[in-house]
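Here's a relaxed walk through one model, helix packing to start with and single residues after that. Have the viewer open as you read.

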Amino acid sequence: MPTETTEAPRQSATLAVNEVTKEDITASLKAGFSDFLARPVMSGFFGLFYALFGILFVWALVWLGKIWMVIPAAVGFPLVAPFAAAGLYEMSRRMQRGESFGWSDILTVMANQRKRELGWMAFTTLFIFWVWVYQVRLWLAIILQDASFSDVDGFLSIVFFTPEGWTFLAVGTVVGAGLSAVLFSVTVIAMPMLLDRELDFVTAMITSVRVVTENPVTMLTWAAIISVTIVLSLVPAFLGLIFTLPILGHTTWHLYRRAVSPTKG
């Protein structure tokens, strides 16, 4: 006996992927900055929340004595930025359509994402972040076997001023870069797409990977811009994220709109 379902139909067909050029990145950055200036307080709120969470996260690791996790957590923390930017995508979506909105509109849409496929993408993102952290622990055990990390200064001294530390950094950087590339490829377009359309998260990830693989130079350029911007934002105690995360989030929305053709019908 068939059962009724309240779920909206989801697209599963292959979506049309466009060519993405450096001009698209430039135009998207301009549009993203414009969105930020249009609603700076609301945009900055999401950046502030993300920055404060990062500060508390690192502080908690120090307080718990997990000194070895401080660097991988600080470096890997930006990996979850695409999910944290969901509210920014919704803001840009509404501004692009010329719709008015308030705090409740954006927060309600974000809360409702738990009922949609974006929740699975959040799980994917956090899983890769967890793998990121524990691959660091693995290399610590293999390369810095007998090292003792009693405080942050001692940890930094071993990592940056010993041959074993340099080996650890080199291996960790290569492996971390691979994980970052995977996460970037499956989320860069998938996150805003899942907020914008009714489709399954696997289709969204496949489409995101197609955008990256079909436009490798351009998307690599965008990944480099994100990486450099985020790293520089972490230097002033994460506070740079108050401004850079919103701009990057808004920009990602506009880049997605240029990268994937609208659904017909």
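H1 and H2 are roughly perpendicular to each other, because angles of 65 to 115 degrees count as such and this pair packs at about 105 degrees. Keep in mind that what you're looking at is a predicted model. The two axes sit 5 Å apart, with H1 covering residues 22–38 and H2 covering residues 40–63. On the H1 side, the residues involved are Asp35, Phe36, Leu37 and Ala38, and they meet Pro40, Ser43 and Gly44 of H2. By type, that contact splits into 4 nonpolar, 2 polar and 1 charged residue.

**A second helix pair**

Now swing over to H5 (residues 86–97) and H6 (residues 103–112), whose axes come within 9 Å and cross at roughly 125 degrees. That angle falls outside the parallel, antiparallel and perpendicular ranges, so H5 and H6 count as oblique to each other. The crossing of H5 past H6 is right-handed. H5 brings Gly87, Glu90, Met91 and Arg94 to the contact, while H6 supplies Asp105, Ile106, Val109 and Met110. Sorted by type, the residues of this contact come out as 4 nonpolar, 1 polar and 3 charged.

**Some residues to click on**

Which residues does Ile106 touch, once those up to four places away in sequence are set aside? The list is Met42, Phe46, Gly87, Glu90, Met91, Arg94 and Phe101. Ile106 lies in H6, and its relative accessibility of 1% is why it counts as buried, the limit being under 20%. For a distance to check, take Ile106 and Arg94: they're 12 residues apart in sequence, and their C-alpha atoms are 9.5 Å apart in space.

Met95 belongs to H5. Is Met95 buried or partly exposed? At 22% relative accessibility, Met95 counts as partly exposed. Skipping neighbours within four places in sequence, Met95 is in contact with Asp35, Ala38, Arg39, Phe101 and His250. One of those partners, Ala38, is 57 residues away along the chain, yet the C-alpha atoms of Met95 and Ala38 are separated by 9.0 Å.

Further along, Thr251 has its place in H13, which runs over residues 241–259. Thr251 is buried, with a relative accessible area of 1%. Its contacts, again leaving out neighbours within four places in sequence, are Ser28, Leu29, Gly32 and Trp222.

Then there's Ile230, found in H12 (residues 216–234). Ile230 counts as buried at 5% relative accessibility. Between the C-alpha atoms of Ile230 and Gly240, the separation is 8.1 Å, with their positions 10 residues apart along the chain.

Here are the C-alpha distances again, side by side.

| Pair | Apart in sequence | C-alpha to C-alpha |
|---|---|---|
| Ile106 and Arg94 | 12 residues | 9.5 Å |
| Met95 and Ala38 | 57 residues | 9.0 Å |
| Ile230 and Gly240 | 10 residues | 8.1 Å |

**How far to trust it**

The protein has a mean pLDDT of 83, and 86% of its residues reach 70 or more. Where is confidence lowest, and where is it highest? The low end is helix H3 (residues 70–76), with a mean of 69, and the high end is H1, at 96. Over residues 1–12 the pLDDT is below 50, though in the model this stretch has 14 contacts beyond near neighbours in sequence.

Terms used: Residues are numbered from 1 along each chain as its sequence is written. This is a predicted model: local features need pLDDT of at least 70, side-chain atom pairs count only at pLDDT 80 or more; totals for chains, interfaces and linings use all residues. Side-chain values use heavy atoms; hydrogens and water are left out. Axes are lines fitted to C-alpha atoms, for helices over the stretch in contact, and angles run from 0 to 180 degrees between N-to-C directions. Helices (H or I, at least four residues) and strands (E, at least two) are DSSP runs, numbered from the N terminus. Angles under 35 degrees count as roughly parallel, over 145 as roughly antiparallel, 65 to 115 as roughly perpendicular and the rest as oblique. A crossing is left-handed if the near helix is turned anticlockwise from the far one by less than a right angle, and right-handed if clockwise. Contact means heavy atoms within 4.5 Å. Ala, Val, Leu, Ile, Met, Phe, Trp, Tyr, Cys and Pro count as nonpolar, Asp, Glu, Lys and Arg as charged, and the others, Gly among them, as polar. Buried means under 20% relative accessible area, exposed over 50%, partly exposed in between (1.4 Å probe, protein chains only). pLDDT is the predictor's confidence in each residue, from 0 to 100.
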